[in-house]
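Here are a few short exercises to help you find your way around a new structure. Try each task yourself before you read the solution.

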Amino acid sequence: MRPISQRASSADQARRGRRVLQVLLVAATTLAGAAVSAFAGWLLLLAVGQDRIASTGRAVLDHLAAIDREARLTIDLFNRQPSAFCSPAELEQLREQVFRTRFVKDVGRVRGGALHCSGTLQAVASPAMIAAADLVTRQGLAVHAAEPLLVARNSRAPILGQGETNVVIDPEALADEVLIGVDFVAGYLGADGRFLRLFGSSPSLSGAEISAGRPLDRHGILFHPVCDGERSICVVTSLAKADVLRLQWPIMAATGLLGSVIGLGLGLFLVQRQAARLSMTETLKRAVARGSFDVVYQPIVTLADRSVVGAEALIRWRDAEGLQVPPSIFIPLAEEAGLIGQITRFMLQRVTHELAGLIQSHPDFRVSINISANDLDDADFFETLAAMLDRTGIDPRCIILELTEHAAARRDRAVDGTRLLRSRGHRVYIDDFGTGFANLSYLNALSIDALKIDRSFTETIGAGRQPSPVLPQILAMAKALDLDLVVEGIETEEQAAWFAAQSVAYAQGWLFYRPVDAQALGAIVDSQGEAGAAGAGPGSAPPGR
């Protein structure tokens, strides 16, 4: 045996190790929370950025549509009067049109590929040849992106033309859009699928990508193309991701900080939960060592006459503060800590000690005890069980062993263990049936005598509710395999009547009896008299077996 000082040193090292792990856990959850929140914030900012350039694109497109509309109306106006081509009256009309329009800076009349007159130049002494259009739209509109102007030789401007009329568009028509804080390019889409820029920066997308109208994320830049197919005009707005971060970094910082706080809180919660779990495990170990448990018994009755024919032994545990800990919490904890075998042995010792006299005076009375899958893999369990029964003089057929359906799912262990128990005279039940995955063929392979229907199915009966669709299947399986049925959780007469109508023989629940101690159980059984306690109970062999 190690000296006390060595044991204390090992315990200190274990505590220090746990503290280090706890610190690392808190740090990890804090960083993870910050990273996840920052990433979520970044995705939010990108979404906001996409929405921004989308709305901006629609606004610019509306502006470009107004320019196109004014240009087309002007072109149509003069194309409708071919006989007045460059007449003095038309020259005056051209001047007035230039004065009245907002975006059109000049209106020219074209014939034979040459400009003959315009609102600004008036009649041209020597008609000027006009270069071929850079692009022709699907509607037949000829578009020049930046054509040199006769009226101002050092200036260029977009020119739109169709028939015998063309118009010069103000090159600064979309200058106000520069103030929006988003890059854009606006222009026309040709019949051949090409895109021609008239305003804004150079396009970074192909005509096909622009006409598709789908948002794109390329080379760190968000793009949003939008088009008006009837006019063959398109606008592409764009925003660099770096600008999104530069402009919106406070949001990123806030989301990262929020994530850190959430991660810190989660880490502290996990550490506290782990500490509570370790503390509960240590408390449970001490309880097991001291046998600080209580055992109560819930009577099992026949549904036909409500006579008590057996009982289920239930373990109870109160923590250091006197609060009752549900078995659903401390039993899994005991299995993880390797304590379940000791708890099973405690149950066997307590039940055989407390109920030996009752069973001997009522030999048809049966007591069921829950065991775990680990017990079936422990040779000491079988020997301990046999020794306790031998010492107290209890017939093995009076002790029923219950396995949960989940424990029975360990096939090889369950099949071998249940066969061994039945060979020694015990009866074996599957507890909480319907909550696991056992099927008909597997149940047939197991050596069992009865199924206990889980209370969750019982609760579906009554108060106008439809019974669980699984219930008829369970009843059919039991009938096919010639197994007894015991219903758990009966709390109303309606539930009792329903199961009785399905020919279920046995039940337990608060409608009949709540769990009681051994002395109260003995009084209940004795009060029935010998006739009520005898008879075929859930421990008697079912027909045909």
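**Exercise 1. Follow one strand pair into its sheet.**

Start with strand β8 (residues 183-189) and strand β12 (residues 233-240), and work out which sheet they belong to.

*Solution.* Keep in mind that you're looking at a predicted model.
- Step one: β8 and β12 pair in the antiparallel sense, over six bridges. To spot one of these contacts, pick Y188, whose bridge partner in β12 is I233.
- Step two: widen the view. The two strands sit in an open sheet of five strands, ordered β9-β8-β12-β11-β10, with antiparallel pairing.
- Step three: check the ends. β9 (195-200) and β10 (216-218) stand at the edges with a single partner strand each, so one side of each has no neighbour in the sheet.
- Step four: look at the twist. On average, and ignoring direction, neighbouring strands here are turned by 30° against each other.

**Exercise 2. Get a feel for the whole chain.**

How many helices and strands does the chain have, and what share of its residues is buried?

*Solution.*
- Step one: count the elements, which gives 14 helices and 21 strands.
- Step two: turn to burial. Of the 545 residues in the chain, 46% are buried, where the cut-off is under 20% relative accessible area.
- Step three: see how far contacts reach along the sequence. Take the contacts between residues at least 6 apart; 64% of them join residues at least 24 apart.
- Step four: add the surface. The accessible surface of the chain is about 27,000 Å², and carbon and sulfur atoms hold 56% of that.

**Exercise 3. Trace strand β5 and a pocket.**

Find the strands that pair with β5, then see which pocket β5 helps to line.

*Solution.*
- Step one: β4 (residues 135-136) runs antiparallel to β5, joined by two bridges, and V136 stands opposite A142.
- Step two: these strands make a hairpin with five residues between them, and G140 in the turn has a positive phi of about 90°.
- Step three: β5 also runs antiparallel to β6, this time with five bridges. A142 turns up again here, opposite G161 in β6.
- Step four: five of the seven residues of β5 are buried, leaving the strand mostly covered.
- Step five: now for the second largest pocket, with about 420 Å³ of space. Its lining has 24 residues, and P148, L149, L150, I159 and V168 lie nearest the centre. β5 (142-148) and β6 (156-162) are among the elements that give two or more residues to this lining.

**Exercise 4. Is β18 enclosed or open, and what are its partners?**

Use burial and bridges to describe strand β18 (residues 427-433).

*Solution.*
- Step one: six of its seven residues are buried, so β18 is largely enclosed by the rest of the structure.
- Step two: on one hand there's β17 (residues 399-404), parallel to β18 and joined to it by five bridges. I400 stands opposite R427 in that pair.
- Step three: β19 (residues 450-453) is parallel to β18 too, through three bridges, with I430 opposite L451.

**Exercise 5. Place R397.**

Where does R397 lie, and which residues does it touch?

*Solution.*
- Step one: R397 is in the loop between α8 (379-392) and β17.
- Step two: its relative accessible area is 34%, which makes R397 partly exposed.
- Step three: leaving aside residues up to four places away in sequence, R397 touches P363, D364, R366 and G425.
- Step four: compare sequence with space. R397 and R422 are 25 residues apart in sequence, and 8.8 Å apart from C-alpha to C-alpha.

Conventions: Residues numbered from 1 in each chain as written. Predicted model: local features only at pLDDT ≥ 70, side-chain atom pairs only at ≥ 80, totals over all residues. Heavy atoms only, no water. Pairing = 2+ DSSP bridges. Helix = DSSP H or I, 4+ residues; strand = E, 2+ residues; numbered from the N terminus. Axes fitted to C-alpha atoms, helices over the stretch in contact; angles between N-to-C directions. Buried < 20%, exposed > 50% of the residue type's maximum accessible area, 1.4 Å probe, protein only. Contact = heavy atoms within 4.5 Å. Areas by Shrake-Rupley, 256 points an atom, 1.4 Å probe, with all protein chains shown as cover. 1 Å grid on protein atoms, 1.4 Å probe; cavity = no way out; pocket = protein on both sides within 12 Å on 5 of 7 lines; lining within 4 Å. Points joined across faces, edges and corners; volume = space filled by probe spheres on them.
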